[in-house]
Amino acid sequence: MEVTPNHTQTVTGWAAMNESGKIEPFIFKRRETGVDDVVIKVQYCGMCHTDLHFIQNDWGITMYPVVPGHEITGVVTKVGTNVSGFKVGDRVGVGCIYASCLDCEHCRRSEENYCDKVTLTYNGIFWDGSVTYGGYSNMIVAHKRFVVRIPDNLPLDAAAPLLCAGITVYSPMKQHGMLKSGGSLGVVGLGGLGHVAVKFGKAFGLKVTVISTSPAKEREARERLKADDFIVSTNQKQMQAMTRSLDYIIDTVSAKHSLGPILELLKVNGKLVLVAAPDQPVELPSFPLIFGKRTVSGSMTGGMKETQEMMDLCGEHNITCDIELVSTDRINEALARLARNDVRYRFVINIAGNSKL
């Protein structure tokens, strides 16, 4: 049966209208609040590198106009009659997932991110056939299943990127047993994902080594993020000195690179997880795999139960992202800097334009 979208709520947003890459003000409609929906006044929205790809149609799948943003935090202003887990005034967030089929094996295990019918928070097709618009906007309507609670001690601005960067590194850490102390973790790349991985690793009692191409990041890694060690990946002597020293590696680099030298840092039976998406295939030589019985796997975001678990743990350990707050009239400037990786470590848009909550 065809469903006719009932979109009547006027929203102010910021959208890319074409491949020029420019964001501009955009007025559009959100759907009416359903019985299972939560209405959220958006306070903050993180800026992910994925936003750039969609804005510029790098993957050839953008449906213009596109309203980016999947790191959304705000306050509940209304709930549907079937909603019992949230109330007006609650501090909440919406991440990368906006909908799924709710009934497949993955949804039943709360692995909604692997559902064949998963709908992204923006540039996705919702149940009613409409295109989803993201968090570069002042309000969003979300199904209760895809909303998470933000712990009271976490500021909404610095918590926003946890809904993407945080869950993206937490999910494989949980899957591969990195939540218990005593192990050793290597983090390749010290950016939006990498700096959160370091914080998680330290909070969970792991010995953390940052692996970077930039010697200039060593002081930041050691002094600010409390990493235990630092390796310049282009320094062959340093790399050889750390051979077979790590239990796990999380690779956050989104540029083409070889996994061979990185794999040599793993112990026998070590695990390397790719969480970034380079636009070209990475190099994967077979010898470091064969002679070290090592495993290479991938991971993308996480399910809703896992996302809430991650957010609660961040509340317990007081983990937030290191951010730079920008106003809505500086989105394009921030996107240009993001394209140059000129941010430590995540831009967050102050959608509501008010003071920190």
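Where along the chain does Y345 lie? In this predicted model, Y345 is placed in the loop between α11 (331-339) and β17, and the peptide bond that leads into Y345 from R344 is cis, with omega near -5 degrees. The chain is divided into domain 1 (9-164 + 322-350) and domain 2 (165-298), and the structure holds two cavities of 30 Å³ or more. The points below take up the domains, the cavities, two helices, the backbone geometry and a few single residues.

**Domains**

- The assignment gives domain 1 as two stretches, 9-164 and 322-350, and domain 2 as the stretch 165-298.
- Taken over C-alpha atoms, the centres of domain 1 and domain 2 are separated by 28 Å, and the contact between them involves nine residues of domain 1 and 14 residues of domain 2.

**Cavities**

- The largest cavity encloses about 110 Å³ of space, and its lining is made up of H7, F28, K29, R30, R31, Y98, F126, S130, V131, T132, Y133 and V141.
- Strand β2 (residues 23-31) contributes four residues, the largest share of the lining of the largest cavity, and by residue class this lining divides into six nonpolar, three polar and three charged.
- The second largest cavity has a volume of about 60 Å³ and is lined by G95, C96, I97, V148, L163, T301, G302, G303, M304 and T307.
- In the lining of the second largest cavity, five residues are nonpolar and five are polar, with no charged residue present.
- M304 and T307, which are among the residues lining the second largest cavity, are also among the buried residues of helix α10.

**Helix α10**

- Helix α10 (residues 304-317) comprises 14 residues and reaches 20 Å from its first C-alpha to its last, close to the 20 Å expected at 1.5 Å a residue.
- Its buried residues are M304, E306, T307, Q308, M310, M311, C314 and G315, and these pack against β6 (97-99), β9 (148-149), α3 (156-159), α4 (165-175) and α5 (192-203).
- An α-helix has 3.6 residues a turn, so residues three or four places apart point the same way.
- Just after α10, the backbone of N318 takes a positive phi of about 55 degrees.

**Helix α5**

- The twelve residues of α5 should span 16 Å at 1.5 Å a residue, and the end C-alpha atoms of α5 are 17 Å apart, which agrees.
- Because ten of its twelve residues are buried, α5 is largely enclosed by the rest of the structure; the buried residues are G192, L193, G194, H195, V196, A197, V198, K199, F200 and G201.
- The packing partners of these buried residues are α4, β10, β11 (207-212), α10 and β17 (346-350).
- G205, which follows α5, has a positive phi near 85 degrees.

**Backbone geometry**

- Most residues other than glycine have a negative phi, and most peptide bonds are trans.
- Y64 and P65 are joined by a cis peptide bond with omega of about -5 degrees, and P65 is found in the loop between α1 (49-55) and β4 (72-79).
- N269, although not a glycine, has a positive phi of about 75 degrees; N269 belongs to strand β14 (residues 266-274) and is partly exposed, with a relative accessible area of 43%.
- K293 is likewise not a glycine and has a positive phi of about 45 degrees; K293 sits in the loop between α9 (287-290) and β15 (295-298) and, with a relative accessible area of 54%, is exposed.

**Single residues in their surroundings**

- S184, in strand β10 (residues 184-188), counts as buried because its relative accessibility is 7%, and beyond its neighbours within four places in sequence S184 is in contact with K207, S245, L246, D247, Y248 and K267.
- E220, in helix α6 (residues 218-224), is buried with a relative accessible area of 13%.
- Leaving aside its neighbours within four places in sequence, E220 is in contact with L225, R344 and Y345, and the last two of these residues are joined by the cis peptide bond described in the lead.
- S20 lies in the loop between β1 (7-16) and β2 and counts as exposed at 58% relative accessibility; its C-alpha atom is separated by 9.4 Å from that of N57, 37 residues apart along the chain.

Terms used
Residues are numbered from 1 along each chain as its sequence is written. This is a predicted model: local features need pLDDT of at least 70, side-chain atom pairs count only at pLDDT 80 or more; totals for chains, interfaces and linings use all residues. Side-chain values use heavy atoms; hydrogens and water are left out. On a 1 Å grid over the protein atoms alone, a cavity is a set of points where a 1.4 Å probe fits but cannot get out, and a pocket is an open set with protein on both sides within 12 Å along at least five of seven lines; lining residues have an atom within 4 Å of a point. Grid points are joined across faces, edges and corners, and a volume is the space filled by probe spheres set on the points. Helices (H or I, at least four residues) and strands (E, at least two) are DSSP runs, numbered from the N terminus. Ala, Val, Leu, Ile, Met, Phe, Trp, Tyr, Cys and Pro count as nonpolar, Asp, Glu, Lys and Arg as charged, and the others, Gly among them, as polar. The expected span of a helix is 1.5 Å times one less than its number of residues. Buried means under 20% relative accessible area, exposed over 50%, partly exposed in between (1.4 Å probe, protein chains only). Contact means heavy atoms within 4.5 Å. Domain bounds come from an automatic or database domain assignment.
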